[in-house]
Amino acid sequence: MTNTSMLQQAIKDSGLKISFISRKIGLSRTGFYKKLSNESSFNAEEIKKLCELLEITDLKMKEAIFFAS
């Protein structure tokens, strides 16, 4: 499960727009929001691309955002 608040903060900190991010990882805005709200899950490739775009390099941060319980 994705920690939505942490991911939203990382997006805000990056200064990137949701439409740009979703396009770069191969999702529609709607699809991205569904994953952001945990209606569906990000796959490994999407997580990898998100981490690159948002410059999330710390393993513990990645785990806290994308593998929250």
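The protein has five helices and zero strands, where helices (H or I, at least four residues) and strands (E, at least two) are DSSP runs numbered from the N terminus. This is a predicted model, in which local features need pLDDT of at least 70 and side-chain atom pairs count only at pLDDT 80 or more, while totals for chains, interfaces and linings use all residues. Residues are numbered from 1 along each chain as its sequence is written, and side-chain values use heavy atoms, with hydrogens and water left out.

**Start with the whole chain**

Show the cartoon and follow it from the beginning: the pattern reads α-α-α-α-α. Turn the model around, and the C-alpha trace spans about 25 × 25 × 20 Å along its principal axes. The radius of gyration is 11 Å, which agrees with the value near 11 Å for a compact globule of 69 residues; this radius is taken over C-alpha atoms, and the globule rule is 2.2 Å times the number of residues to the power 0.38.

Now switch on the surface. The protein exposes about 4500 Å², with carbon and sulfur atoms supplying 51% of it; accessible areas come from the Shrake-Rupley method with a 1.4 Å probe, and for residues only the protein chains shown count as cover. Of the 69 residues, 33% are buried (buried means under 20% relative accessible area, exposed over 50%, and partly exposed in between).

**Select the core**

Which residues have the most contacts inside the largest nonpolar core? Select Leu7, Ile11, Phe32, Phe42, Leu50, Leu54 and Phe66, in a core of 17 residues. Such a core is a set of buried Ala, Val, Leu, Ile, Met, Phe, Trp, Tyr and Cys residues joined through side-chain atoms within 4.5 Å. Colour α1, α2 (18–24), α3 (29–36), α4 (44–54) and α5 (59–66), the elements that each give two or more residues to this core. The largest share, four residues, comes from α4.

Next, centre on Phe66. Leaving aside neighbours within four places in sequence, Phe66 is in contact (heavy atoms within 4.5 Å) with Met1, Thr2, Leu7, Phe42, Ile47, Leu50 and Cys51.

**Step over to Thr2**

From Phe66, move to Thr2, in the segment before α1 (4–14). Is Thr2 buried or exposed? Thr2 counts as buried because its relative accessibility is 7%. Not counting residues up to four places away in sequence, Thr2 touches Leu7, Lys35, Asn38, Phe42, Ile65, Phe66 and Ala68.

**Visit helix α3**

Select Tyr33 in helix α3. Its relative accessibility of 36% makes Tyr33 partly exposed. Try a distance from here: Tyr33 and Glu52 are 19 residues apart in sequence and 19 Å apart in space, C-alpha to C-alpha.

Lys34 also lies in helix α3, and at 40% relative accessibility Lys34 counts as partly exposed. Beyond neighbours within four places in sequence, Lys34 is in contact with Glu39 and Ser40. Between Lys34 and Asp58 there are 25 Å in space, C-alpha to C-alpha, for 24 residues in sequence.

**Finish in two loops**

Most residues other than glycine have a negative phi. What is the phi of Asn38? Asn38 has a positive phi of about 65° although it is not a glycine. Find Asn38 in the loop between α3 and α4, partly exposed at 29% relative accessibility.

Your last stop is Glu55, in the loop between α4 and α5. Glu55 also has a positive phi, near 55°, and is exposed, with a relative accessible area of 66%.

Technical notes. Buried means under 20% relative accessible area, exposed over 50%, partly exposed in between (1.4 Å probe, protein chains only).
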